[in-house]
Amino acid sequence: MSGHKMQGRALWRSLIVLVLLAVAGGVAYGWMDYQRFVGTPLAVSPQTPSVDVAKGSSLRDVVGQLREQHVTETRPLYWRVLAEQLRVAGRLHAGEYALTAGMTPRELLLNMAAGKVLQRNFTIVDGWNFRDLRQALAKADRLKQDGAGLDDAALMAKIGAPGEMPEGRFLPETYAYVKGDSDLDILRRAHAAMAKMLDSLWAQRDNDVPLATPYDALILASIVEKETGRADERARIAGVFVRRLQTHMLLQTDPTVIYGMGESYTGNIHKSDLTTDTPYNTYTRAGLPPTPIAMAGKPAIEAALHPAPGSELYFVARGDGTHVFSSTLDEHNRNVACFQLKRCQ
């Protein structure tokens, strides 16, 4: 074999080795770059708290959206490889997904495959009235406002409770919702939760409570709710009102008067307000008011159905969130003079 042929073959071998090394180097680099992509957190910022996957979106569509939001700069090929590796290609669910600090592409794709859509919370606060509830719903983030243009009666019909007065009918609780849910969805759930809980608690009530229906219990509980937020006083205050009902005394509770005043209440209650008759003025009308005056929580309802025994018929606020109780009018008048008029003897 001539020297030229041997040199030519050696050159070809060298070229082949160089090409193979280059290919191997490229593959190694590509694999390392892919691993870096898989393990590197996405570029999440306060301006990109979530990604919204529309129905029918392909993986390429999702990646395109992530690139538009500057969450990733990686080409779709790597995302496709990862999706195939995770066996989630073609299984991504539509919906809104949270983009959290430290989240990797792997975590995001697994969430999308599992349909772990972003949930938000809406809390109905103990003591809110229905007007408060509607105003809060109107401000809830990403919640459809299907009930915004409805009056109270039409809204109650929409949630499947036609003819019901809405006040007090919704259980104070935190409700999770996702994009696409509406204010009516939350109201339906809160209404059903209140009905279920009220029926359960009513079945366990004390036998001698002077309440004819579960709705009466809800009315009394709403008064207790507005009178005190202290766990150690609820049953005691309920006991005062129960004994007043049993002895046909006027309830004489300011929160019902305030509720009856509606939007004319500006933060202070005057003597003239106590003598101005409304359906809710328990200084001028006997018995319970016609509806609840607020959303009562479970503890207030339990207090109304299990009032504390005793002889107390009066209570007055101390000014520190607690109350002082008494059994006679003379004692009550002394307490009023001391704790409200600051004329303690």
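Me: Let's start with something small: which residue forms a salt bridge with Arg188, and how far apart are the closest N and O atoms?

Reply: The general idea goes like this: side chains of opposite charge can pair when their charged atoms come close. Keep in mind that we're looking at a predicted model. Here, the partner of Arg188 is Asp185, and the closest N and O atoms of that salt bridge are 3.2 Å apart.

Me: Where do Arg188 and Asp185 lie?

Reply: Both belong to helix 7, which covers residues 183–202. They are three residues apart, about one turn of the helix.

Me: Is that pair buried, exposed or partly exposed – what do Arg188 and Asp185 count as?

Reply: Buried means under 20% relative accessible area and exposed means over 50%, with partly exposed in between. Arg188 has 34% relative accessibility, so it counts as partly exposed. Asp185, with a relative accessible area of 27%, is partly exposed too.

Me: How many salt bridges does the structure hold?

Reply: Eleven salt bridges in the structure. Among them is the one between Arg169 and Glu164, whose closest N and O atoms are 3.4 Å apart. Glu164 is partly exposed, at 25% relative accessible area.

Me: What about Arg236: which side chain does it meet in a salt bridge?

Reply: Arg236 meets Glu312, at 2.6 Å from N to O. Arg236 sits in helix 9, while Glu312 is in the loop between helix 12 (298–305) and strand 5, so this pair ties together parts that are 76 residues apart in sequence. The two ends also get different labels by the cut-offs: Arg236 is partly exposed, with a relative accessible area of 35%, whereas Glu312 is buried, at 15%.

Me: And which residues are linked in a network of salt bridges?

Reply: Glu96, Arg120, Asp141 and Arg142 make up that network.

Me: On to empty space. How much of it lies in the largest pocket?

Reply: Rolling a probe the size of a water molecule over the atoms shows where empty space is left. In this model, the largest pocket holds about 530 Å³ of space. It is lined by 22 residues, and those closest to the centre are Gln252, Asp254, Tyr283, Phe315 and His332. Helix 9 (234–246), helix 10 (254–261), strand 5 (314–317) and helix 13 (329–339) each give two or more residues to that lining.

Me: Which element supplies the largest share of the lining, and how does the lining split by class?

Reply: Strand 5 does, with four residues. By class, the lining of the largest pocket has 13 nonpolar, six polar and three charged residues.

Me: What is the volume of the second largest pocket, and which residues lie nearest its centre?

Reply: The volume is about 250 Å³. The second largest pocket has 13 lining residues, and Asn129, Arg131, Lys226, Ile258 and Tyr259 are the ones nearest its centre. Helix 5 (130–138) and helix 10 each contribute at least two residues, and helix 10 gives the most, with three. The class split is seven nonpolar, three polar and three charged residues.

Me: Which domains supply at least three residues each to the lining of that second largest pocket?

Reply: Those are domain 2 (120–198) and domain 3 (201–341). The domain assignment of the chain also gives a domain 1, residues 41–117. The C-alpha centres of domain 1 and domain 2 are 33 Å apart.

Methods
Residues are numbered from 1 along each chain as its sequence is written. This is a predicted model: local features need pLDDT of at least 70, side-chain atom pairs count only at pLDDT 80 or more; totals for chains, interfaces and linings use all residues. Side-chain values use heavy atoms; hydrogens and water are left out. On a 1 Å grid over the protein atoms alone, a cavity is a set of points where a 1.4 Å probe fits but cannot get out, and a pocket is an open set with protein on both sides within 12 Å along at least five of seven lines; lining residues have an atom within 4 Å of a point. Grid points are joined across faces, edges and corners, and a volume is the space filled by probe spheres set on the points. Ala, Val, Leu, Ile, Met, Phe, Trp, Tyr, Cys and Pro count as nonpolar, Asp, Glu, Lys and Arg as charged, and the others, Gly among them, as polar. Domain bounds come from an automatic or database domain assignment. A salt bridge is a side-chain nitrogen of Lys or Arg within 4 Å of a carboxyl oxygen of Asp or Glu. Buried means under 20% relative accessible area, exposed over 50%, partly exposed in between (1.4 Å probe, protein chains only).
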